[in-house]
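Thanks for coming, everyone. Please have the sequence and the structure open while I talk.

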Amino acid sequence: MASSLHPVLLVTVSWISLLALLISPAQAATCTSQTFKNNKLYAHCNDLPYLSSYLHWTYNASNSSLSIAFVATPAKSDGWVAWAINPTETKMAGAQTLLAYKNEKGAPAVNTLNISSYNSIVPGKLSFDVWDVSAEFSNGNFTIFATVKVPKDAASVNQVWQVGSAVNKTSGFPEKHDVAPPNLRSFSTLSLAANSTTGTPAGTNTTTNSTGGGGSGALRIGSGGNMGLLSVSVLVLGALIAF
């Protein structure tokens, strides 16, 4: 009887090993595990699908504002990260951009850039109001904080994000980013209509996680759901050994 159980035990142990890989720290580091030095909290967060980037956000329908914390790792230690809303298109051309970098003193800073075309980047005021802008740098990641004005009753906004390897520390002007597939696919639609608050300030809301840019609420692999599967596997293995 004992020998007949060996293949079953082997399969069970293999399954547990596979699940352990799925919930490795690299996979499990979703936006729900992230915290900020300023202790801000947001109503929602998204694990963006490219460039190891994350967006925490609260949409306040009462004043048509979107409060965000964008987290990303620059392509190199002296590089930059950027998050943008594009009011007219879905990709980079036309993007109204917040770009974080380390200035000449080594402190995190944020510049606002109007990327009017693929060949024109204009520093200066964005086409919509933006306030409470700041940045922090921790554990190799930049976080951009900001609140932006969005059109009244907007159902969604087009978001674009990017990372680069170098920046002019005096001017804050970024060097070009890579043109690898992840860099070219780093845009999505952020759905606001079903995810609004009505006057609750950012910093007091609970966080729900979703994969990608749409705010669907579906937990990605590597989150707490897999711990349940692992627990069941351990119970099954224990029962087989006892038997």
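**A walk through the model**

Let's begin with one residue. Thr30 has a relative accessibility of 3%, so Thr30 counts as buried. This is a predicted model, by the way. Thr30 sits in the loop between α2 and β1. Its side chain makes a polar contact with the side chain of Thr32, at 2.9 Å.

Next comes the disulfide. The count here is 1. Cys31 and Cys45 form it, with their sulfur atoms 2.1 Å apart. The link of Cys31 and Cys45 is right-handed, with 65 degrees about the S-S bond. What does the pair tie together? Cys31 lies in the loop between α2 and β1, and Cys45 lies in strand β1, so the disulfide joins parts that are 14 residues apart in sequence. Are these two cysteines buried or exposed? Cys31 is at 1% relative accessibility, so Cys31 is buried. Cys45 has a relative accessible area of 1% and is buried too.

Now the aromatic rings. A pair of aromatic rings is described by the distance of the centres and the angle of the planes. How many aromatic pairs does the structure hold? It holds 3. Take Phe36 and Phe145. Their ring centres are 5.3 Å apart and their planes stand at 85 degrees, so this pair is edge-to-face. An angle over 60 degrees is what earns that label. The pair links distant parts of the chain. Phe36 is in the loop between α2 (25-28) and β1 (44-47). Phe145 is in strand β9, residues 141-149. The two are 109 residues apart. Phe36 has 6% relative accessibility, so it counts as buried. Phe145 has 1%, so it counts as buried as well.

A second pair is Phe137 with Phe142. The centres are 4.7 Å apart and the planes are at 65 degrees, so this pair is edge-to-face. Phe142 is buried, at 0% relative accessible area. Phe137 is at 23%, so it counts as partly exposed. The cut-off for buried is under 20%. Phe137 has another partner: the charged end of Lys102 sits over its ring, 3.9 Å from the centre. Ring pairs also link Phe36, Tyr42 and Phe145 into a cluster.

On to the strands, and to β3 in particular. How many of the residues of β3 are buried? The strand spans residues 65-72, and 8 of the 8 residues are buried, so β3 is largely enclosed by the rest of the structure. In a regular strand the side chains alternate between the two faces of the sheet. In β3, both faces are covered. Ser65, Ser67, Ala69 and Val71 are buried on one side. Leu66, Ile68, Phe70 and Ala72 are buried on the other.

Which strands does β3 pair with? Let's take two. Strand β2, residues 54-60, is joined to β3 by 7 bridges. Those two run antiparallel. Tyr59 has Leu66 in β3 as its bridge partner. β2 and β3 form a hairpin with 4 residues between them. In the turn, Ser64 has a positive phi of about 55 degrees. Then there is β9. 8 bridges join β3 to β9, and the two run antiparallel. Val71 has Thr143 in β9 as its bridge partner. Recall that β9 is also the strand that holds Phe145.

After β3, look at the loop between β3 and β4. Gly79 has its place there. Gly79 is at 1% relative accessibility, so Gly79 is buried. Gly79 and Ala100 are 21 residues apart in sequence. In space they are 8.9 Å apart, C-alpha to C-alpha.

Last, an open sheet. It is formed by 6 strands in the order β7-β6-β5-β4-β10-β13. The pairing is antiparallel. Which strands stand at the edges? They are β7 (120-123) and β13 (187-191). Each has a single partner strand, so one side of each is left without a neighbour in the sheet. From one strand to the next, the twist averages 30 degrees. Within this sheet, look at β4 and β10. β4 covers residues 80-86, and β10 covers residues 156-164. 7 bridges join them, and they run antiparallel. One bridge there brings two tryptophans together as partners: Trp83 and, in β10, Trp161.

That's the tour.

Technical notes:
Residues numbered from 1 in each chain as written. Predicted model: local features only at pLDDT ≥ 70, side-chain atom pairs only at ≥ 80, totals over all residues. Heavy atoms only, no water. Phe/Tyr/Trp six-rings, centres within 6.5 Å; stacked < 30°, edge-to-face > 60°. Buried < 20%, exposed > 50% of the residue type's maximum accessible area, 1.4 Å probe, protein only. Lys NZ or Arg CZ within 6 Å of the ring centre and 35° of its normal. Pairing = 2+ DSSP bridges. Axes fitted to C-alpha atoms, helices over the stretch in contact; angles between N-to-C directions. Polar contact = N/O pair within 3.5 Å; in protein donor to acceptor, adjacent residues only side chain to side chain. Disulfide = S-S within 2.5 Å.
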